[in-house]
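Work through the exercises below with the sequence and the coordinates at hand. Each task is followed by a stepwise solution.

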Amino acid sequence: MAPNATAILLAAARRDNFDDNAREWMKWALETFKIDEGYIYHLRSVGDMLLAIQENGALYKRLIRVDFRKVYPLTQLDYESNGSGIDCLEKFLEINPVEEMTREQVRDAVALALGRVSKSGGKEEMYQPDLFGALDTIIECDPAAVAAGDSFDEVSARKFATGGIGLLEASINYWSERAIPDLQVITLIEGELIEAGHKLALLREGLTKAALNAG
């Protein structure tokens, strides 16, 4: 089965048959397709995009025929709105003949559309596909299960916390430069951060009281 077709099957199965049970979906995918877990997340990213644009017949038929390795970077673009910005998938494809471009050229063009520097510009490369693949895995994980794992320790906790702050800073920098950021998404994340801050404050208070009592 061609990768793009596999991508659609994986994404559709996740959406229609597994609800929010990411673990069972991954177990099914691994047993069914016998491929690497990281690759499965890449496939799902492409599948989600292709399913989202399915009603746009011309666009869908165009991308379903493109090499998967060129399609994957396109998942970083906005494919769910009808925006006119270069960071929108349809607009991007109007001026970028991805079928004729190399994978590296597609990645550079996507990086440029998103305001990142590219290799072709002779500057530091900011687009890191391995990082985005890792993020797909992180998003799907169960935080409680991760924290309960035998390999999770104090060092891991600090890395997760500081890494999350760094990733958040990247998102804030990006949103700050957009003309029309997504207010709903920003509000949702702000609420989650407020809740996380409240939990940290309670934790700090508990640790402080314990230290005082011990003294």
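Patches are made of residues with over 30% relative accessible area and no salt bridge, and nonpolar side chains are joined within 5 Å. The model used here is predicted.

**Exercise 1. Identify the residues that make the nonpolar surface patch of about 330 Å², and classify Leu-200 as buried or exposed.**

Solution.
Step 1. Leu-200, Leu-203 and Leu-207 make this patch.
Step 2. Leu-200 is found in helix H11, which covers residues 183–214.
Step 3. The cut-off for exposed is over 50% relative accessible area. Leu-200 has 59% relative accessibility, so Leu-200 counts as exposed.

**Exercise 2. Locate Glu-99 and list its contacts beyond four places in sequence.**

Solution.
Step 1. Glu-99 sits in the loop between helix H6 (89–95) and helix H7 (103–113).
Step 2. With neighbours within four places in sequence set aside, Glu-99 is in contact with Arg-62, Val-66 and Lys-70.
Step 3. A C-alpha distance can be added: Glu-99 and Asp-67 are 32 residues apart along the chain, and their C-alpha atoms are separated by 7.8 Å.
Step 4. Partly exposed covers the range between under 20% and over 50%. Glu-99 is at 39% relative accessibility and therefore counts as partly exposed.

**Exercise 3. Characterise the interaction between Glu-99 and Arg-62.**

Solution.
Step 1. The side chains of Glu-99 and Arg-62 are joined by a polar contact of 2.7 Å.
Step 2. A salt bridge requires a side-chain nitrogen of Lys or Arg within 4 Å of a carboxyl oxygen of Asp or Glu. Arg-62 and Glu-99 form a salt bridge, with the closest N and O atoms 2.7 Å apart.
Step 3. This pair links distant parts of the chain: Arg-62 belongs to helix H4 (residues 57–64), Glu-99 to the loop between H6 and H7, and they are 37 residues apart.
Step 4. The relative accessible area of Arg-62 is 25%, so Arg-62 is partly exposed.

**Exercise 4. How many salt bridges are counted, and what is the sequence separation in the pairs Lys-91 with Glu-94 and Glu-154 with Arg-158?**

Solution.
Step 1. The count comes to eight salt bridges.
Step 2. One of them joins the side chains of Lys-91 and Glu-94, at 3.7 Å from N to O. Lys-91 and Glu-94 are separated by about one helical turn because they are three residues apart in helix H6.
Step 3. Lys-91 has a relative accessible area of 33% and is partly exposed, whereas Glu-94, at 55%, counts as exposed.
Step 4. Glu-154 and Arg-158 form another salt bridge, with the closest N and O atoms 2.8 Å apart. Both lie in helix H10 (residues 154–177), four residues apart, which is about one turn of the helix.
Step 5. Arg-158 is exposed, with a relative accessible area of 55%.

**Exercise 5. Describe the largest nonpolar core and the surroundings of Leu-63.**

Solution.
Step 1. The largest nonpolar core has 39 residues, and those with the most contacts inside it are Leu-63, Leu-74, Leu-89 and Phe-92.
Step 2. Two or more residues of this core come from each of helix H1 (3–17), helix H2 (22–33), helix H3 (37–52), H4, helix H5 (68–74), H6 and H7.
Step 3. H3 gives the largest share of this core, seven residues.
Step 4. Not counting residues up to four places away in sequence, Leu-63 touches Asn-4, Met-49, Leu-50, Ile-53, Val-71, Leu-74, Leu-89 and Leu-93.
Step 5. As background, nonpolar side chains tend to be buried together in soluble globular proteins.

Key. Residues are numbered from 1 along each chain as its sequence is written. This is a predicted model: local features need pLDDT of at least 70, side-chain atom pairs count only at pLDDT 80 or more; totals for chains, interfaces and linings use all residues. Side-chain values use heavy atoms; hydrogens and water are left out. Buried means under 20% relative accessible area, exposed over 50%, partly exposed in between (1.4 Å probe, protein chains only). Contact means heavy atoms within 4.5 Å. A polar contact is a pair of N or O atoms within 3.5 Å; within protein, one must be able to donate a hydrogen and the other to accept it, and residues adjacent in sequence count only if both atoms are side-chain atoms. Patches are made of residues with over 30% relative accessible area and no salt bridge: like charges are joined within 9 Å, nonpolar side chains (Val, Leu, Ile, Met, Phe, Trp, Tyr) within 5 Å. Accessible areas come from the Shrake-Rupley method with a 1.4 Å probe; for residues, only the protein chains shown count as cover. A nonpolar core is a set of buried Ala, Val, Leu, Ile, Met, Phe, Trp, Tyr and Cys residues joined through side-chain atoms within 4.5 Å.
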